[in-house]
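Trainee: Could we go through the aromatic rings in this one together?
Mentor: Yes, let us put it up and start from the ring pairs.

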Amino acid sequence: MSYLYSTPVNFAFGSFDWFCSRLGLTVCPLVGPTGGVEPQCYSRNIEIGNTLIFEPSVIVIHLISLIMTVIMIAHVRSKYTAVGRKEILVFFYLYVLTTFVELLTVGGIIPLSSPVFPYAVAIYIALTVCTFWCLFVNALVPFQFVEDGTPLSLWSVRISTFVVFLASLFISIATLTNVAGFTSATPGALWVTYFVIPPILVLLYSIFQIVLVVRTLEDNWAITDIAFGLFFFVAAHVTNFFLSPPICDLAKHYLDGMFFGNIFTLLAVMMVYKYWDGITKEDLEFAVGGKNHTWEVRDPLLNDAAMAQLSKNYGSTR
């Protein structure tokens with residue numbers, strides 16, 4: 001297998017070299033003391049209309065992810081009175097934006113030679129981090145520290161997520177453009193932002209949701225949704241950074257770990273939706289499009305016996 005003959009790169013805290021040697025991340029050409037590390041094996045490129053398209057199989061998965069997320073958003077929006085509906089929508093909107101920007105950078109639609117490329121990568125990293133932050137904040141919504149759906153709850157999610165986005169964007173741009181004391185040669189702060197913070201937020205989200213299910217819900221089956229979501233999240237990272245070289249070699253460079261990693265990421269997001277949908281119930285009395293209800297109309301001039309006789313006579317004529 002060809003990847004076995006590549007020079008091994010050891011893992012080092014704060015260094016992108018090991019990750020970039022396993023998978024062709026968009027940030028890889030922009031960081032490191034030697035100007036980036038080439039992956040041991042990567043997917044074939046294709047040319048369309050004099051434009052070189054990278055990772056074509058991953059682009060297909062991104063398009064499927066966008067379609068599936070739009071469907072999930074439509075279903076969430078249809079649950080008009082469900083707890084945390086507006087707050088969870090922010091998470092799905094951010095996932096759509098993150099997927100779209102990644103499609104532009106991974107696919108080479110914004111080429112590496114473009115002066116816009118470092119800023120596009122910085123936006124992608126910032127969107128990734130704030131999406132995970134938004135997921136974590138949504139874990140707090142069911143505890144009703146603030147009543148869900150209110151302006152205070154919704155703007156707390158929006159503002160805190162925007163602050164995380166700005167902080168991550170600053171670190172990313174400063175590192176990739178070597179300003180404000182940051183440098184791409186030693187991108188420690190960016191490494192922590194990109195690789196450390198998201199898993200911690202996923203872990204905290206899972207812990208809070210398990211506590212919620214165990215302490216307040218009668219149906220503990222929702223824990224299986226959380227477990228599957230964690231499994232797919234871990235599987236995505238294992239596929240990306242541990243199995244990508246052998247997958248790429250076995251697939252003759254038609255696929256690499258990023259293809260399966262994005263599939264697992266989509267499945268993890270779908271489990272977030274499935275879990276939220278499973279633990280939320282609508283107040284059907286106020287839900288639009290709910291089932292018809294039988295309403296009893298009483299005449300204040302009639303007593304109970306007269307009303308019962310009237311109802312009986314009405315029923316016999318139907």
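**Aromatic pairs**

Mentor: This is a predicted model, and by the centre-distance rule, with ring centres within 6.5 Å, the count comes to 27 aromatic pairs.

Trainee: Take F11 and W191, then: why is that pair tilted?
Mentor: The ring centres of F11 and W191 are 6.1 Å apart and the planes stand at 55 degrees, so the pair counts as tilted, given that edge-to-face needs over 60 degrees and stacked needs under 30.

Trainee: And which parts of the chain does the pair link?
Mentor: Distant ones: F11 is in the segment before α1 (17–22), while W191 belongs to helix α6 (residues 188–216), and the two are 180 residues apart.

Trainee: W191, buried or exposed?
Mentor: W191 is buried, at a relative accessible area of 4%, whereas F11, at 48% relative accessibility, is partly exposed.

Trainee: OK, what about F259 and F260?
Mentor: Those two form an edge-to-face pair, with 5.0 Å from centre to centre and 85 degrees between the planes; F259 counts as buried at 17% relative accessibility, and F260 is partly exposed at 29%.

Trainee: Which residues do ring pairs link into a cluster?
Mentor: The cluster joined by ring pairs consists of F11, F13, F16, W18, F19, Y124, W191, Y194, F195, F241 and F242.

Trainee: Switching topic, where does the charged end of R158 sit?
Mentor: It sits over the ring of W155, 4.8 Å from the centre of that ring, and elsewhere R44 lies over the face of Y254, at 4.3 Å from the ring centre.

Notes: Residues are numbered from 1 along each chain as its sequence is written. This is a predicted model: local features need pLDDT of at least 70, side-chain atom pairs count only at pLDDT 80 or more; totals for chains, interfaces and linings use all residues. Side-chain values use heavy atoms; hydrogens and water are left out. Rings of Phe, Tyr and Trp (its six-membered ring) pair if their centres lie within 6.5 Å; planes under 30 degrees apart count as stacked, over 60 as edge-to-face and the rest as tilted. Helices (H or I, at least four residues) and strands (E, at least two) are DSSP runs, numbered from the N terminus. Buried means under 20% relative accessible area, exposed over 50%, partly exposed in between (1.4 Å probe, protein chains only). A charge sits over a ring if NZ of Lys or CZ of Arg is within 6 Å of the ring centre and within 35 degrees of the ring normal.
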